[in-house]
Structures are given as C-alpha cells and as structure tokens.
Amino acid sequence: MLSIAVCDDEVIECCNMARRIKDILEEMKIPCIIRQFQSGRELLQAIESFDIIFLDIMMQDLDGMKTAQMFRERDFDKILIFVSSSREYVFEAYDVEAFQYLLKPVDGRKLKRVLQKAVLKTESRSQEYIIVSRERQKKKLYLDDIYYFEIKGRIVDVHGQEGIFAYYEQISELERKLRNKGFFRCHKSYLINLKYVDGYNRQEAILENGEAIVIAKRRYEEFCREVLKVMRENGGIL
C-alpha cells in the first residue's frame with residue numbers, strides 16, 4: 001500500500017491534487033492512502049511514514065522549502081515532489097534532493113509520468129552506476145538519478161536528484177563510460193540523460209525538472225533521432 005501526502009495551504013488545490021493522484025493510481029491499479037495537509041507544520045507533526053510527498057512551495061508561515069529542509073533532517077529516502085507556480089526555486093530544490101519540480105497548473109500527462117517514475121523508484125532502484133573519484137575518495141553515481149553532466153574544462157558537475165556533485169574527469173572518458181546508456185552530448189558543455197527530456201526545439205532541450213539545456217546546431221539532427229528512440233523505448237506513442 002502506497003502512502004502519499006499532499007501539502008498545500010490552498011484547500012481546494014490540495015483536494016484537487018489528491019483526487020488527481022488517486023485517480024491516476026487507481027488507473028495504474030496501485031492501492032494507496034492519501035492524506036492532505038494545509039501547512040508544513042501539520043505535515044511535520046504527522047506520525048505516518050509517507051512514501052511520496054507532494055509539497056507546495058509558497059505557503060504561509062512555514063513555506064515548502066523550509067518544510068522540506070526540516071523533513072530531510074529525519075527522512076533521507078522519501079520522495080519529495082515540489083509543486084509551485086514559479087520556476088525560481090528549481091535550484092534550491094536540489095539542496096533537499098527533490099525528485100521532481102512541477103509547475104502549476106500541473107499538466108495531467110506530466111503528473112502521470114512523474115507518478116509512474118516515483119512508484120517505480122519506491123519499488124526498485126536501477127543498479128546501473130558509474131564510479132567517480134574526488135579527493136581520493138570513490139563515489140557511486142546512479143545513472144537513473146542523473147539529469148545531465150555539465151563540463152567545465154576538466155571539472156564535471158553532475159546535476160541530479162541528489163543535488164550537484166563536482167569531480168575531475170576528461171570528457172572523452174566520461175563519454176566512453178556512458179556509451180549506449182541513454183545519454184547524449186547535445187553541446188560541448190552538456191551530456192544529458194535523454195529519458196528526462198520533456199520537450200525540445202532547435203535551440204534547447206527542456207528537462208522534466210524545468211531546466212533548459214542548449215543544443216548545438218550541428219548536433220540537432222542526431223539529438224532528434226536519439227531522443228525519439230528513447231521515447232519509444234519508454235512507451236511513447238509517436
């Protein structure tokens with residue numbers, strides 16, 4: 001039984017989101033319990049252990065970001081999904097290891113995709129990873145948790161669900177490791193995880209977390225082929 005919390009100080013919006021989540025999970029034939037909260041403090045005082053938490057950011061008294069920070073102090077492995085009418089908190093969401101950042105009004109198809117991925121994450125986690133080194137220490141980076149790699153000379157910033165992790169590596173070696181793993185170098189400075197592409201045009205790819213990544217003109221045609229291939233493999237009807 002999946003346990004879900006929806007926290008929004010707007011009562012109607014909270015009820016509507018809870019209803020939409022319930023409808024989607026019923027369609028997926030996944031049993032669930034959904035509790036609604038109208039404040040961050042109310043959520044933090046709950047005794048239940050939730051698998052997935054939908055959290056509005058702009059709330060009175062204790063906002064969603066502060067609520068998430070306090071929540072993370074006691075629960076590290078729960079899935080946090082932010083819901084906001086503004087993009088300005090996207091990067092702050094990394095600091096609390098947000099699973100997803102949804103913009104209001106939340107599109108129904110996107111909500112369904114996010115729920116499907118969240119449910120899969122609660123059931124099992126992909127074991128495919130790469131090992132990187134920083135300051136004489138080794139670290140596992142799970143590919144399913146990575147949105148994109150940003151290359152700055154020999155420094156690589158890994159942007160993912162756990163925030164940003166920086167380490168040193170040659171881009172040629174990183175590309176070798178990621179060959180046939182669903183990543184594409186759309187620009188000299190970016191290697192993106194194609195499964196997180198939500199849309200694109202000739203100038204940029206829009207990721208599911210709301211970020212826009214530049215696509216080099218000469219790489220656009222190949223990018224189109226690769227991203228459509230990944231979409232088909234993940235159930236897209238094109």
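In which helix do Asp23 and Arg19 both lie, and how many residues apart are they? Both belong to helix 1, where four residues, about one turn of the helix, separate them. Their side chains form a salt bridge with an N to O distance of 3.6 Å, a salt bridge being a side-chain nitrogen of Lys or Arg within 4 Å of a carboxyl oxygen of Asp or Glu. Helices (H or I, at least four residues) and strands (E, at least two) are DSSP runs numbered from the N terminus.

The model is predicted, with local features requiring pLDDT of at least 70 and side-chain atom pairs counted only at pLDDT 80 or more, while totals for chains, interfaces and linings use all residues. Residues are numbered from 1 along each chain as its sequence is written, and side-chain values use heavy atoms, with hydrogens and water left out.

Two packed helices are described by the angle between their axes and the distance between the axes. Helix 1 (residues 11-27) packs with helix 5 (residues 108-123) at an angle of about 65 degrees, the axes being 10 Å apart. Axes are lines fitted to C-alpha atoms, for helices over the stretch in contact, and angles run from 0 to 180 degrees between N-to-C directions. The crossing of helix 1 past helix 5 is right-handed; this term applies if the near helix is turned clockwise from the far one by less than a right angle, and left-handed if anticlockwise. On the side of helix 1, the contact involves Met17, Arg20, Ile21, Ile24, Leu25 and Glu27, which meet Gly108, Leu111, Lys112, Leu115 and Val119 of helix 5. Seven residues of this contact are nonpolar, one is polar and three are charged. In this division, Ala, Val, Leu, Ile, Met, Phe, Trp, Tyr, Cys and Pro count as nonpolar, Asp, Glu, Lys and Arg as charged, and the others, Gly among them, as polar. Contact means heavy atoms within 4.5 Å.

Side chains of opposite charge can pair when their charged atoms come close. The whole structure contains 19 salt bridges. In the pair within helix 1, Asp23 is partly exposed at 38% relative accessibility, and Arg19 is partly exposed at 45%. Here buried means under 20% relative accessible area, exposed over 50%, and partly exposed in between (1.4 Å probe, protein chains only). A further salt bridge joins Asp107 to Arg109, with the closest N and O atoms 3.9 Å apart. Asp107 is partly exposed at 37%, whereas Arg109 is exposed at 64%.

Glu208 and Arg113 also form a salt bridge, their closest N and O atoms lying 3.9 Å apart. This pair links distant parts of the chain, 95 residues apart: Glu208 is in the loop between strand 14 (204-207) and strand 15 (212-214), and Arg113 is in helix 5. Salt bridges that share partners join these two residues with Lys110, Lys117 and Asp198 into one network. Glu208 is buried, with 4% relative accessibility, while Arg113 is partly exposed at 31%.

Glu208 is also among the contacts of Tyr196, which further include Lys117, Asp144, Tyr147 and Gln161. Tyr196 is located in the loop between strand 12 (190-193) and strand 13 (197-200) and is buried, with a relative accessible area of 5%. Tyr167, in strand 10 (residues 163-168), is buried at 2% relative accessibility. Its C-alpha atom is 5.7 Å from that of Ile155, 12 residues away along the chain. Beyond neighbours within four places in sequence, the contacts of Tyr167 include Ile155, Val132, Leu141, Phe149 and Leu174.

A disulfide is a covalent bond between the sulfur atoms of two cysteines. With the criterion of a pair of cysteine sulfur atoms within 2.5 Å, the structure holds zero disulfides. The closest cysteine sulfur to that of Cys14 belongs to Cys15 and is 5.9 Å away, too far for a bond. Cys14 is buried, at 0% relative accessibility.

Most residues other than glycine have a negative phi, and most peptide bonds are trans. The peptide bond from Lys104 to Pro105 is cis, with omega near -10 degrees, and Pro105 lies in the loop between strand 5 (100-103) and helix 5. Lys29, in the loop between helix 1 and strand 2 (32-37), has a positive phi near 60 degrees and is exposed at 73% relative accessibility. Glu97 likewise has a positive phi, of about 55 degrees; this residue is in the loop between helix 4 (90-95) and strand 5 and is partly exposed at 30%.
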